[in-house]
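Let's take a walk through this model together, starting at one side chain and working outward from there. Keep the structure open as you read.

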Amino acid sequence: QMKLKDTTMKKQPTQRYQAEVIMKQKDAEIKKREDYLSRMTKQLEEKKEQLHVSNLKLKQMSKSIVLELNLKLSEKEKEVKMLKGMVKGHNAELQTKNKDIARLKNQITQLQNAKERRNEFIKTFANTNDEEQLKQLQKIEQDDQNEEKAEEVVEELTPPSKSMFSLSDNISNRRTKQRQAPFDSARAN
């Protein structure tokens, strides 16, 4: 029995020692894992903080970009409104000028018709000295002056073009011929 006790006593310290060694190894392993977990937790917290800071910066940048774009957009909208107003003004002015041109063209045709009547009158009564006919001749001269004024106004309102120059030349040539017609018929008689 003693031998058994001795052997068991001898075994106990070695088992106890081995258990302590295993416990120390397990404690060391646990400590390593705890250190590793604490490092990983710290890194995770740092990454979370960096992510949070990055998100804040991103939000701030996006807000400033949106504000800047909104300002540019509002400026462009104001510019578009101003240009629309200018276009409306120019269209109204153009319509007014077109109406004036149409009215003046109508006056020109009326004056040309009056010239034709005058020329017929002059041709028929060129050789007589009646007072009534002299009054009619004076009225015709006044019509000529009105026609010249109307042509000047039309020239002011319309931009010069090749067709306008040829039209004014034709009118000038006709006017000259019409003025000379009574004298030519008087010379012929």
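Start with Glu29, which counts as partly exposed because its relative accessibility is 37%. Keep in mind that you are looking at a predicted model. Glu29 has a partner: its side chain meets that of Arg33 in a salt bridge, at 3.4 Å from N to O. Where do Arg33 and Glu29 lie? Both are in helix α1, four residues apart, which puts them about one turn of the helix from each other. Arg33 has a relative accessibility of 55%, so it counts as exposed, the cut-off for that class being over 50%.

Stay in this part of helix α1 for a moment. Tyr36, Leu37 and Met40 make up a nonpolar patch on the surface, and together they offer about 300 Å² of accessible area. Leu37 belongs to helix α1, which covers residues 2-124. Is Leu37 buried or exposed? Its relative accessible area is 55%, so Leu37 is exposed.

Now slide along the helix to the next charged pair. Glu68 and Lys72 join their side chains in a salt bridge, with 3.6 Å between N and O. The two residues are four apart in helix α1, so about one helical turn separates them. Glu68 is partly exposed because its relative accessible area is 45%, and Lys72 also counts as partly exposed, at 45% relative accessibility.

Another pair turns up at Glu93 and Lys97. Here a salt bridge is formed with the closest N and O atoms 3.7 Å apart. How far apart are Glu93 and Lys97 in helix α1? The answer is four residues, or about one turn of the helix. Glu93 has 42% relative accessibility and so counts as partly exposed; Lys97, at 34%, counts as partly exposed too. If you are keeping a tally, the count for the model comes to four salt bridges, and the pairs we have visited are among them: Arg33 with Glu29, Glu68 with Lys72, and Glu93 with Lys97.

Time to look across to another helix. Gln107 still sits in helix α1, and its 30% relative accessibility is why it counts as partly exposed. Asn146, on the other hand, has its place in helix α2, residues 131-157. At 40% relative accessibility, Asn146 counts as partly exposed, since that class takes in values between 20% and 50%. What separates the C-alpha atoms of Gln107 and Asn146? They are 9.4 Å apart, although their positions lie 39 residues apart along the chain. Ile108 gives a similar reading: its C-alpha atom is 9.4 Å from that of Asn146, with the two residues 38 apart along the chain.

With those details in hand, step back to the whole chain. The protein chain holds three helices and zero strands, and reading along the sequence you meet the pattern α-α-α. Among contacts with a separation of 6 or more, 76% are between residues 24 or more positions apart. What share of the 189 residues is buried? Buried residues come to 13% of the protein chain. The accessible surface adds up to about 16,800 Å², and carbon and sulfur atoms account for 56% of it.

Finally, a word on how far the predictor trusts its own work. The average pLDDT of the protein chain is 76, and 60% of the residues score at least 70. Which helix has the highest confidence, and which the lowest? Helix α1 is highest, at a mean of 86, while helix α3, residues 162-188, is lowest, at a mean of 52. Over residues 161-165 the pLDDT stays under 50, and for this stretch the model has four contacts beyond four places in sequence. The salt bridges of Arg33 with Glu29, Glu68 with Lys72 and Glu93 with Lys97 lie in helix α1, the helix where confidence is highest.

Conventions. Residues are numbered from 1 along each chain as its sequence is written. This is a predicted model: local features need pLDDT of at least 70, side-chain atom pairs count only at pLDDT 80 or more; totals for chains, interfaces and linings use all residues. Side-chain values use heavy atoms; hydrogens and water are left out. Patches are made of residues with over 30% relative accessible area and no salt bridge: like charges are joined within 9 Å, nonpolar side chains (Val, Leu, Ile, Met, Phe, Trp, Tyr) within 5 Å. Accessible areas come from the Shrake-Rupley method with a 1.4 Å probe; for residues, only the protein chains shown count as cover. Buried means under 20% relative accessible area, exposed over 50%, partly exposed in between (1.4 Å probe, protein chains only). Contact means heavy atoms within 4.5 Å. pLDDT is the predictor's confidence in each residue, from 0 to 100.
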